[in-house]
Amino acid sequence: MEENKFRKDLFYRINVLSFKIPSLKERKDDISLLASLFLKEFSKQYEKNITAITQEALSLLINKDWTGNIRELRNTIERAVILCNDKRIKPEDLPTDIFIESSVKREFLDKKLTLEEMEKEYIKEMLQFFKNNNTKTAKALGISRKTLILKRKKFGI
């Protein structure tokens, strides 16, 4: 309207009701419902028999700061369905950025770590999350188990 690309009189005619929809990070309770809905949709679309999301994976989804809102959650579930080789979506089926909350990202940036130092810290965080399980950690990192073992030796972790 300010740019004279939309008529003011028409705007006021159609602007009878206004809605403010809170962001997904303000509606944490909706995440599990939406994730289940998207899971059903994409399981059917990709003809996969995925029936649930593990509690561990769901916890990661609920605690994520969804800056991309519902569309980001939808894309995350679609990706997980594509990558999942089981009947349930597990943490290792989720994108790796979901493991690091924004506060941890800021901490990495504040420390001004080198790329190698950041890699070491990230691997340590992932190993801690997966209780030192090399197979699950490697899968979540998108590397082979052998590569993870070599990196652990290199970094002394």
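Which residues are exposed on the other side of α2? They are D29, L33, L37, K40 and K44, where exposed denotes over 50% relative accessible area, buried under 20% and partly exposed in between (1.4 Å probe, protein chains only).

## Basis of the model

This is a predicted model, in which local features need pLDDT of at least 70 and side-chain atom pairs count only at pLDDT 80 or more, while totals for chains, interfaces and linings use all residues. Residues are numbered from 1 along each chain as its sequence is written, and side-chain values use heavy atoms, with hydrogens and water left out.

## Overall architecture

The protein comprises eight helices and two strands, these being DSSP runs (helices H or I, at least four residues; strands E, at least two) numbered from the N terminus. Their order from the N terminus is α-α-β-α-α-β-α-α-α-α. The radius of gyration, taken over C-alpha atoms, is 21 Å, well over the 15 Å of the globule rule for 157 residues (2.2 Å times the number of residues to the power 0.38), so the protein is more spread out than a compact globule.

Of the 157 residues, 32% count as buried.

## Helix α2

The 18 residues of α2 (residues 28-45) should span 26 Å at 1.5 Å a residue (1.5 Å times one less than the number of residues), and the end C-alpha atoms are 26 Å apart, in agreement. Its buried residues are I31, L34, A35, F38, L39, F42 and S43. Viewed down the axis of α2, these fall within an arc of 160° (directions from the helix axis to the C-beta atoms), so they line one face of the helix.

The buried residues of α2 pack against β1 (52-53), α3 (55-63), α4 (69-83) and β2 (88-89). Just after α2, E47 takes a positive phi of about 50°.

Notes
Contact means heavy atoms within 4.5 Å.
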